[in-house]
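Please open the model in your viewer and keep the sequence panel visible beside it. This tour proceeds by selections, and each stop states what is to be found there.

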Amino acid sequence: MLVTAWAAGTQLSPPAPDAGSTDAVRLGPAAGEDVAGYLARTVDLPAPADRTPRLALVQFDAALTPDAAATALTRTTLLAAVVRVPFPRVQTALREVDAPPAPPPAALRAALTTAGGEAAADAAAAASAGASPSQADTRRIAVARAEAAALGRPGCACLVGAVVRVELAALPVVRAAPGVRAVQVAPPGTSRARLAVSPLLPEQGPGRPDGPVVGPVPDDGPVPPA
């Protein structure tokens, strides 16, 4: 697994670079970036001389179920799922989970199960950290427990993106697939070890709840019961 979890709307730590390289390749919008500008730059690419398959970050228009996400990713090779439980105005964790060797629908369902186990472990670890948790700690524990419960339900619409390998000739088909909002392609030669992803969230953008600029997810909404 490249990344266990990070807070939605924040910069994640890049993975360990390739031997001989000190640079991580980041896919996703930058903090403070205009969403419309980001979407434009994901498609405004020069014709590449190197036509070999590339790593890419597929970002969904809304959080999808495993079956819907698998349909959107038909022309790609799934490598990892990006999971987030979409509670309104609650900052939940983004979790990048490596896809097991299975057909995409089954692999994505397994990714949700793995993410649910991680959320339960996060809640247990936070609950055991101290005898008198702060108000923020209490909320964090409640959020993690609610995430674990949601991810344990069949058909959770909790997939916000995926890391894939894609043929460049298939990009127009993937970008036009139902549920796909954007596909950002990594430079040629990028390996998984160098790749760091921080996807555009469905709530971010003009006319969407979190507005036209990429920023921290609001965290003032009620936490659903676990």
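**First stop: a loop residue**

Select Arg-89, which counts as partly exposed because its relative accessibility is 43%. Please bear in mind throughout that this is a predicted model. Arg-89 is placed in the loop that runs between strand S4 (77–83) and strand S5 (93–98). Its phi is near 55 degrees, a positive value in a residue that is not glycine. As background, most residues other than glycine have a negative phi.

**The whole chain**

Now display the entire chain as a cartoon. How many helices and strands does the protein chain have? There are 5 helices and 8 strands. Followed from the N terminus, the elements come in the order β-β-α-β-α-β-β-α-α-β-α-β-β. The protein chain has 226 residues, of which 45% count as buried. Its accessible surface is about 10200 Å², and carbon and sulfur atoms account for 59% of that surface. Consider next the contacts between residues at least 6 apart in sequence: 80% of these join residues at least 24 apart.

**Helix H1**

Select residues 35–43, which form helix H1; within this helix, Val-35, Tyr-38 and Thr-42 are buried. These residues cover an arc of only 60 degrees around the axis, so they are on the same side of H1. Then add strand S3 (54–64), helix H5 (171–175) and strand S7 (180–185) to the view, since these elements are among what covers the buried residues of H1. At the start of the helix, look at Asp-34: one of its side-chain oxygens comes to within 3.3 Å of the backbone nitrogen of Ala-36.

**Gln-59, a partner of Tyr-38**

Keep Tyr-38 visible and select Gln-59, a residue of strand S3. Is Gln-59 buried or exposed? Gln-59 counts as buried, because its relative accessibility is 1%, and the cut-off for buried is under 20%. The side chains of Gln-59 and Tyr-38 are joined by a polar contact of 2.9 Å. The Gln-59 side chain also reaches the backbone nitrogen of Leu-200, at 2.8 Å. Leaving out residues up to four places away in sequence, Gln-59 touches several others, including Gly-28, Val-160, Arg-181 and Pro-199.

**Helix H3**

Move to helix H3 and select residues 104–127. With 24 residues at 1.5 Å a residue, H3 should span 34 Å, and its end C-alpha atoms are indeed 34 Å apart, so the two values agree. Colour the buried residues of H3, among them Ala-107, Leu-108, Ala-111, Leu-112, Gly-116 and Glu-118.

**The disulfide**

Show the cysteine side chains. The structure holds 1 disulfide, which joins Cys-156 to Cys-158 with an S to S distance of 1.8 Å. In general, a disulfide is a covalent bond between the sulfur atoms of two cysteines. Cys-156 counts as buried at 8% relative accessibility, and Cys-158 is likewise buried, with a relative accessible area of 2%.

**Last stop: Glu-167**

Finally, select Glu-167, found in the loop between strand S6 (159–166) and H5. Glu-167 is partly exposed, because its relative accessible area is 44%. Which residues is Glu-167 in contact with, leaving aside its neighbours within four places in sequence? They are Arg-51 and Pro-53. Arg-51 is 116 residues away from Glu-167 along the chain, yet their C-alpha atoms are separated by 7.7 Å.

Notes. Residues numbered from 1 in each chain as written. Predicted model: local features only at pLDDT ≥ 70, side-chain atom pairs only at ≥ 80, totals over all residues. Heavy atoms only, no water. Disulfide = S-S within 2.5 Å. Buried < 20%, exposed > 50% of the residue type's maximum accessible area, 1.4 Å probe, protein only. Helix = DSSP H or I, 4+ residues; strand = E, 2+ residues; numbered from the N terminus. Arc of directions from axis to C-beta. Contact = heavy atoms within 4.5 Å. Polar contact = N/O pair within 3.5 Å; in protein donor to acceptor, adjacent residues only side chain to side chain. Areas by Shrake-Rupley, 256 points an atom, 1.4 Å probe, with all protein chains shown as cover. Expected span 1.5 Å × (residues − 1).
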